[in-house]
Amino acid sequence: MSIKVRIPTPLRPIVGGEAALQIKAETVIAVLDQIEKDHPGFKSRICDDAGKTRRFVNIFVNSEDIRYLDGMKTALQDGDTVSIVPAVAGGIQTYQERLAGLKKTLKEIAPEDVQKMIGGKEKVTLIDVRESEEYRGGHLPFAVSVPRGFLEMRIEEAATDRAAPLVLYCAGGIRSLFATETLKNMGYTSVVSMSGGFSGWTRKGFSIETPTLLSEKDRRRYSRHLLIPEVGEEGQIKLLKSKVLIIGAGGLGCPAAYYLAAAGCGTLGLVDFDVVDESNLQRQILHTTDRVGTSKIKSAMQTLSAFNGDVRIIPFEERISSSNIERIMQAFDIVVDGSDNFPTRYLVNDACVKLKKPCVHGSVYRFEGQVTVFDPQRGGPCYRCLYKEPPPPELAPSCADAGVLGVLPGVIGLLEAVETVKLILEIGDPLIGRVVCYDALEGSFQTFILRKDPACDYCKEGAVFPGFIDYDYFCASKGLTTPSPS
Ligand SMILES: [Zn+2]
C-alpha cells in the first residue's frame, strides 16, 4: 500500500529537500513512524512527547482533517495523500489554500443565528475584529471592538471565560475566520465566526448601532484620556454626555467643578446664592480678586467657560430648600455635595435618596477632610444611616471656629471629582460604603467601612419617603460630620 506524504517547506530539509514522499503504511501514525525511521527528528516537529499533533500542525488525509477522522489512528487506503500543514506558518500554503482549510475546520454561523443568539437566554459575547474606524461607522448591537491587530493582547479583557460562547465578525467573514483560529489556539473553546460579516448582517436588514463620534477637536483636547483603555473614546463620550450637579461654588465645589470641566463633563449644574468675599479667595479658586462682591455663580461660570467653552453650565442662583431641591436636581445624573451647612447636607441627601441619584460627599475641617459616596441604590448607606439628624443649633459651635487650611478643600474637592468621574465611567471601586479620611498634618489617608442602617427611614428597603425637612440654618464646627467652611 503506497501513501503519498506531502512535506511542508520548513520540514523539507529533514527529508533531503523532498516535497513529497511515498511511504508504505496503514495508518497516519505508521506513516510518521516510518518517516522518523528514515529521517530522525521529523516526528518530534509534528508530535509532542505524548504523541499528539502539535497545536500549530494539522494533518489531512486527502481533504479531511484527521481530528475529524480517527486522529493518528486514521486508516489509510492505497493511493491516499497525507498532507502535513503547519497552521500558522506563513508561506507554506497560499492564502486561498489556508482559507479553504479554515473554512473546513472552523465553525461559521449565519447572521440570522447570531440575531437569535443576541435575543436568546444564553449570554453571548460579540467581538468586532474590524479596525476601530470601521467599528465607529456602525456595529452589531452590544458588540465589543477588538481589532484583529490587537486580538491576542486585548481579548482576555473582552472575554474572560474561555468556555463561554463567543461570536467574531468582520466586514465580510474572512478576517474573523482567521481571528477564530487564533482564539482557538489561545484556548477559547466556544468561538465561532459569523459568515458574511457586517455586510451580510446589514444585507439581512438587522439592526446596527452607530456610536456617537468624537469631533477632531475633542480628540485633540482629550487625547490623554483616549490613550487610557479604561476611558478611551467610549468613556470620553460618557463624560461629555454626563450631567453633574455641584452644590456650592465654594472651597470644595470650585476645585471639583474646575477639574470636572477639564475632564470634559458635558453639563455642570452649579448651585450657590452667595457673593464672592475676600476671605473666600484663600481656597475658592474659580473666583478672582476683582470679582469680590459679585455673584459666585457668575464668577464661577466666567472662569469655567473661559477654561472649557464646550462645557454647558446651568446656574442655580438660589438657596436650596425643600421647595426647590427636586426641581434643581431632577435633570442631573450625579450630585457632588460641596455644601457648608447641615440643612443643605440633609436636603441633598434626602433628595438624592428620593430621586435615586448617587451623592459624592466631601467635607473639610481645619487640617482634615472626608470623602465618600452615598448610593443606597447600590447597597451603600445614606447620610442619615450614619447621622440620623443634625445636632441642635445650641450644640453647634460658632462659625468663627471653623477655619480650614486653604489647600485642604482642594485635595478633598478633587477626590470628589475623581469619584464622580469613576461613577460616570463605571470603572474602579467607588467609595460606596467606605469613607476616606485625610489628615494633612499627619500626611495620612485612612479608609473606614460605612454600613447601611437597615432601619433608616429614608433608604431602608420599601421605605416610604418621609418628606423633606427644612432645618434651621446654623453653623457647626466639631465632630465627624463637621461641615466645611467653604
Ligand atoms: Zn439611609
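# A zinc site and its surroundings

Reader: What arrangement do the four donor atoms around the zinc ion have?
Author: Donors are N, O and S atoms within 2.8 Å of the metal (3.2 Å for Na, K and Ca), and water is not among the atoms, so sites may look incomplete. Four donors count as tetrahedral if all angles lie between 85 and 135 degrees. The angles subtended here are 92 to 121°, and the arrangement is therefore tetrahedral.

Reader: What kind of model is this?
Author: Residues are numbered from 1 along each chain as its sequence is written, and side-chain values use heavy atoms, with hydrogens and water left out. Local features need pLDDT of at least 70, side-chain atom pairs count only at pLDDT 80 or more, and totals for chains, interfaces and linings use all residues, in what is a predicted model.

Reader: Which residues are the protein donors of the zinc ion?
Author: Along the chain, the donors follow the spacing C-x2-C-x70-C-x2-C. Each contributes its SG atom, at 2.3 Å from the zinc ion. The donors are C382, C385, C456 and C459.

Reader: How many residues apart in sequence are the parts that C382 and C459 tie together?
Author: Helices (H or I, at least four residues) and strands (E, at least two) are DSSP runs, numbered from the N terminus. C382 is in the loop between β16 (368–374) and α16 (383–386), and C459 is in the segment after β18 (444–449), so the pair ties together parts whose separation in sequence is 77 residues.

Reader: Are C382 and C459 buried or exposed?
Author: Buried means under 20% relative accessible area, exposed over 50%, and partly exposed in between (1.4 Å probe, protein chains only). C382 has 0% relative accessibility and therefore counts as buried. With a relative accessible area of 9%, C459 is also buried.

Reader: How far apart are the C-alpha centres of domain 2 and domain 3?
Author: The domain bounds come from an automatic or database domain assignment. This assignment divides the protein chain into domain 1 (3–90), domain 2 (106–203) and domain 3 (242–449). Between the C-alpha centres of domain 2 and domain 3, the distance is 43 Å.

Reader: Which helix gives the most to the largest nonpolar core?
Author: A nonpolar core is a set of buried Ala, Val, Leu, Ile, Met, Phe, Trp, Tyr and Cys residues joined through side-chain atoms within 4.5 Å. The largest core has 39 residues, and V244, I246, L260, L268 and L270 have the most contacts inside it. With seven residues, the greatest contribution to this core comes from helix α17 (residues 408–425).

Reader: How many residues does the second, separate core have?
Author: Among the residues of this second core are I3, L11, L32 and I84. The size of this core is 23 residues.

Reader: Which residues are in contact with L260, leaving aside its neighbours within four places in sequence?
Author: Contact means heavy atoms within 4.5 Å. Apart from those neighbours, the contacts of L260 are V244, I246, C265, L268, V336, A417, T420 and V421.

Reader: Which side chains make a polar contact with the side chain of N341?
Author: N341 lies in the loop between β14 (334–337) and α15 (342–355), and it is buried because its relative accessible area is 10%. A polar contact is a pair of N or O atoms within 3.5 Å; within protein, one must be able to donate a hydrogen and the other to accept it, and residues adjacent in sequence count only if both atoms are side-chain atoms. At 2.8 Å, the partner is D340; at 2.6 Å, the partner is T344.

Reader: How far apart in space are G266 and F206, C-alpha to C-alpha?
Author: G266 belongs to the loop between α12 (253–263) and β12 (267–271), and at 9% relative accessibility G266 counts as buried. In sequence, G266 and F206 are 60 residues apart. In space, the C-alpha to C-alpha separation of G266 and F206 is 32 Å.

Reader: Is E426 buried or exposed?
Author: E426 lies in the loop between α17 and β17 (434–439). Its phi is positive, about 55°, although E426 is not a glycine. Most residues other than glycine have a negative phi. As its relative accessibility is 63%, E426 counts as exposed.

Notes: Tetrahedral: all angles 85-135°; square planar, octahedral: opposite > 155°, others 65-115°.
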